[in-house]
Amino acid sequence: MRSRRGQLLLFFLSIALMTVFPSVGVAQSTEPDKPSPITGGLIEGEVSGNLNDDKTYYYVFYVQKGPFDLTVDIDPIKETGGGLIRWFYLDSKYNRIKWDQVSAQGNPERRVTSSTALSKQKVILKVVVGGNFRYKMKFSGSGFVH
């Protein structure tokens, strides 16, 4: 049984870690062979650094026959913030299906892309971010499988 002091220390350590490492919509995998599943159709993150300091993340989701949209929002941090986010839909063999990007400098930006799945399949989403901004990627539509 833990002491009261140990329990308090663990509690405060947990609070400190949540403050330093805020949660995102899903875990962000940097390994292409172990992409993170997208649950609930939402990815949220924050990047800080120079525009040339790209970070690459991999996710996986499934589609079924039908349309789906991806809404991408960029919110620069501070007035001087901004950057670029690129995303690539890849098949299970990492062949590029489609790609797009959006950038922002000083002001928030939004891009909505529409796609249509012709059959049920696994899709790898490669996301490349660079700059100083918060971002949100939200899937919707009957073709996106939650």
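The largest nonpolar core of this predicted model holds 26 residues, and those with the most contacts inside it are Phe61, Ile85, Trp87, Leu125, Met137 and Phe139. Such a core is a set of buried Ala, Val, Leu, Ile, Met, Phe, Trp, Tyr and Cys residues joined through side-chain atoms within 4.5 Å, where buried means under 20% relative accessible area with a 1.4 Å probe and protein chains only. Two or more residues each come from β2 (42-47), β3 (55-63), β4 (66-76), β5 (82-90), β6 and β8, and β8 gives the largest share, eight residues. Strands are DSSP runs (E, at least two residues) numbered from the N terminus.

Phe139 is in contact (heavy atoms within 4.5 Å) with residues including Phe61, Phe68, Tyr89 and Leu125, leaving aside its neighbours within four places in sequence. A second, separate core has six residues, among them Tyr58, Phe88, Ile124 and Val128.

| Core | Residues | Among its members |
|---|---|---|
| Largest | 26 residues | Phe61, Ile85, Trp87 |
| Second | six residues | Tyr58, Phe88, Ile124 |

The second largest pocket contains about 190 Å³ of space, and its lining includes Val63, Phe68, Tyr89, Lys98 and Val123. A pocket is an open set of points on a 1 Å grid over the protein atoms alone where a 1.4 Å probe fits, with protein on both sides within 12 Å along at least five of seven lines, and lining residues have an atom within 4 Å of a point. The volume is the space filled by probe spheres set on points joined across faces, edges and corners. The largest share of this lining, three residues, comes from β7.

Residues are numbered from 1 along each chain as its sequence is written. Local features need pLDDT of at least 70 and side-chain atom pairs count only at pLDDT 80 or more, while totals for chains, interfaces and linings use all residues, and side-chain values use heavy atoms, leaving out hydrogens and water.

How values were computed:
Helix = DSSP H or I, 4+ residues; strand = E, 2+ residues; numbered from the N terminus. Buried < 20%, exposed > 50% of the residue type's maximum accessible area, 1.4 Å probe, protein only.
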